[in-house]
Amino acid sequence: MAEMVSRPYERAFEKHALANPDVLCLSADLTSSCEIDKFRDDHPDQFLSLGMAEQNMMSFAGGLGLAGYRPFIHTFGVFTYRRPYDQLMASIAYPRRKVRIMGFLPGITTPGGMTHQAIEDISVMRSMPNMTILETGDATEVESICEAADSIDGPVYCRVLRGSMPRLFDTPIVVGQMRELSLGSDILIVTAGISTEEAMRATKALEGVGVSVRHLHLNTIKPFDAAAMLDHINSVKGGVITLENHVTEGGIGSLMAEIMADNGVGKKLKRLGLNDTYAHGGSRAYLMRYYGLDALALTQGIEDLMGERLGITEKDLAEARVDAVHSLAKAEGL
Amino acid sequence: MLKNEKTTEEIALGIRRRVFEHAMRNNGGYLSQACSAAEQLAWLYNEELTLGAPTLPMIPKPFEGVPHVDNPEYHTGAGYNGPFEPDFDRLFIAPAHYALVAYATLIEVGRMDPEGLEMFNKDGSSVEMIGAEHSPGMEVHNGTLGIGLSTAAGLAWGRKRRGEKGKVWVYMSDGEVQEGQTWEAIQCCAHHKIDNVKAIMDVNRQQCDGAMDSVMEVGDIRAKMEHFGAVVAECDAHDLNAMRTAAQTPHEGKPLIILAHSNPFHAMPILEERFPRLHYVRFKSEDERARMNSSIADALDIDPIDYEGAH
């Protein structure tokens, strides 16, 4: 069973900010929700409360960038691009300000419903010139997100997990480097964020019924090295499947479609995610099942892709627990 | 520190003459903005701003690409306002469609060659119609109205934290008060006691669709700004002494916003014929162009513009 880690962002941000005096902590009235309340209390001179006024916050952060600071914006992901899209574009993305946008509650990781669920953020940010996109999938990635984001020469949008989460990996994010979680030869599974844990459960069950899985985890979504991915696509006999905590348009499913089409790869691609729909409020497990974002949805998608029934049930998946990180260390090194 | 030897009145007149000539030769332009804004921009550049010598060539370089990881030589047009150093002021022209007037100002104060204006709105030029970040005298993209004051507030907060003496000035237009972001910016300046931000707003009561009162009434701008936490001073936008006095208003712990009440056909009275559609004056007929040419040239004490051979 994977180790569970509580509030890794809180410690990681404090460590990074204290080591980098030009890093500023910005908040938009969601300070405790984004695990920076302790930082606010302990380091008030490095903290800026900008209130519920995201349009001003985005342009203000651009001005801080002009003054040589590297502001970390903390709020829910949706609030960083829906209302203040114009300001994000004109004041941050265009001039390549070193603003680090920490977008919490990616996709359906919140029961807050449509207004709080960032389900199209990757699509929006992928189409924004100059923007880098990182996504965290476990505690280790959250622990390393600040340093990774702050290494970018320009603006960066990060999908950040909060609260309690598993530790799946034991090495920090290396920007631009995907994680090779298994290197089988039948099917290529590509995931990011919380869908990776689901795919790791599915992988075990799939291997159990004789499907050789190649599984890649993405923490850097833009910019993206297509050449390395192309090698993986060409290394499997069957098709490619993506599972994402995001709409199926514009996210990693689209990214794979573009790479495959651009390179004339004649393989099937199945994209799983929110299929042209909003979600509603509910628990994460319920929403993942209801919208087909979980391990079972993935195995069913692979059955469709392969054109055969594999007989994997919910019970098989429940038993396929994700092991503690140290047993994965070897897979990591493959 | 570079100060021009002309008087501010002479610079304001020179701005209007240049914008007028340009509009005549190009069959239209942002003429009314020169009427309302000439004294304000002339005063900022000739008296109020503490700026270093320009760091960019007097004749603007052509467009050299937008900011991009593959364009490492990219720079903004801020160098026309001098180097970015702790003791120097910065200026954001929030209504980027005032660019023609701003470029004319740069020429009048000796920061750009008159040839720069010939490049205005030409394909491949950096002297863009709506001032871009790379256009002379521009430092950020402000073409989307309402973002200037927030950007200035962020820069000013950062400069204060670093102990820099340079102030951050914003040139604003009154239409921007229809944007919610303007109010977010003022409340933010007040909350964080950002008092190294100063703004002068061209209150000409005009916007793209016509008179502001007919498009969206904004009420008492001064009272609203004061309630949001700014110190507000007011002046006649064509009375330089009043402007100088307004700028001396104490504003410790708060931003200063000067409401400069302007006449959108000041020094070009014939433009009143076009009221209330003054945002962009394009001549409707050869007859109108000729009449305006004669009348405005007379008002500005120059010969009518020979625009034959122009377009």
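**Exercise 1. The two domains of chain A**

Task: In this predicted model, find how far apart the centres of domain 1 and domain 2 of chain A lie, and describe the contact between the two domains.

Solution:
- Step 1. Set the bounds: domain 1 of chain A covers 4–166, and domain 2 covers 179–332.
- Step 2. Take the centres over C-alpha atoms; 26 Å separate them.
- Step 3. List the residues in contact: domain 1 of chain A gives 25 and domain 2 of chain A gives 30.
- Step 4. Look for the elements on the domain 1 side. Those that give two or more residues are α6 (121–126) and β6 (132–135) of chain A.
- Step 5. Sort that side by class: 11 residues are nonpolar, nine are polar and five are charged.

**Exercise 2. A sheet in chain A**

Task: Work out the strand order of the open sheet of five strands in chain A, and say which strands stand at the edges.

Solution:
- Step 1. Follow the pairing, which is mixed; the order is β9-β11-β10-β13-β14.
- Step 2. Find the strands with a single partner. These are β9 (179–183) and β14 (269–274) of chain A, so each has one side without a neighbour in the sheet.
- Step 3. Average the twist from one strand to the next: the result is 15°.
- Step 4. Examine one pair. Strand β13 (residues 240–247) of chain A runs parallel to β14(A), and five bridges join them. One bridge partner in β14(A) is A:Leu272, which pairs with A:Leu243.
- Step 5. Add the helix. Helix α12 (residues 295–306) of chain A lies across β10 (187–192), β13 and β14 of chain A, at about 155° to β14(A).

**Exercise 3. The fold of chain B**

Task: Decide whether the radius of gyration of chain B agrees or disagrees with that of a compact globule.

Solution:
- Step 1. Count the elements: chain B has 10 helices and nine strands.
- Step 2. For 311 residues, a compact globule would have a radius of gyration near 19 Å; chain B has 19 Å, so the two agree.
- Step 3. Along the principal axes, the C-alpha atoms of chain B fill a box of roughly 55 × 45 × 35 Å.
- Step 4. Check burial: 50% of the 311 residues of chain B count as buried.
- Step 5. Take contacts in chain B between residues at least 6 apart in sequence; 78% of them join residues at least 24 apart.

**Exercise 4. Where chain B touches chain A**

Task: Which element gives the largest share of the side of chain B that touches chain A?

Solution:
- Step 1. Count the contact: 23 residues of chain B meet 23 residues of chain A.
- Step 2. In chain B, the elements giving two or more residues are α5 (148–161) and α6 (180–191).
- Step 3. The largest share, nine residues, comes from α5(B).
- Step 4. By class, the chain B side has 10 nonpolar, nine polar and four charged residues.

Methods:
Residues are numbered from 1 along each chain as its sequence is written. Chains are lettered from A and ligands numbered from 1 in the order in which they are written. This is a predicted model: local features need pLDDT of at least 70, side-chain atom pairs count only at pLDDT 80 or more; totals for chains, interfaces and linings use all residues. Two residues are in contact if their C-beta atoms, placed from the backbone, lie within 7 Å. Helices (H or I, at least four residues) and strands (E, at least two) are DSSP runs, numbered from the N terminus. Ala, Val, Leu, Ile, Met, Phe, Trp, Tyr, Cys and Pro count as nonpolar, Asp, Glu, Lys and Arg as charged, and the others, Gly among them, as polar. Domain bounds come from an automatic or database domain assignment. Two strands pair if DSSP finds at least two bridges between them. Axes are lines fitted to C-alpha atoms, for helices over the stretch in contact, and angles run from 0 to 180 degrees between N-to-C directions. The radius of gyration is taken over C-alpha atoms; the globule rule is 2.2 Å times the number of residues to the power 0.38. A residue is buried if 20 or more other C-beta atoms lie within 10 Å of its own, exposed if 12 or fewer, and partly exposed in between; C-beta atoms are placed from the backbone.
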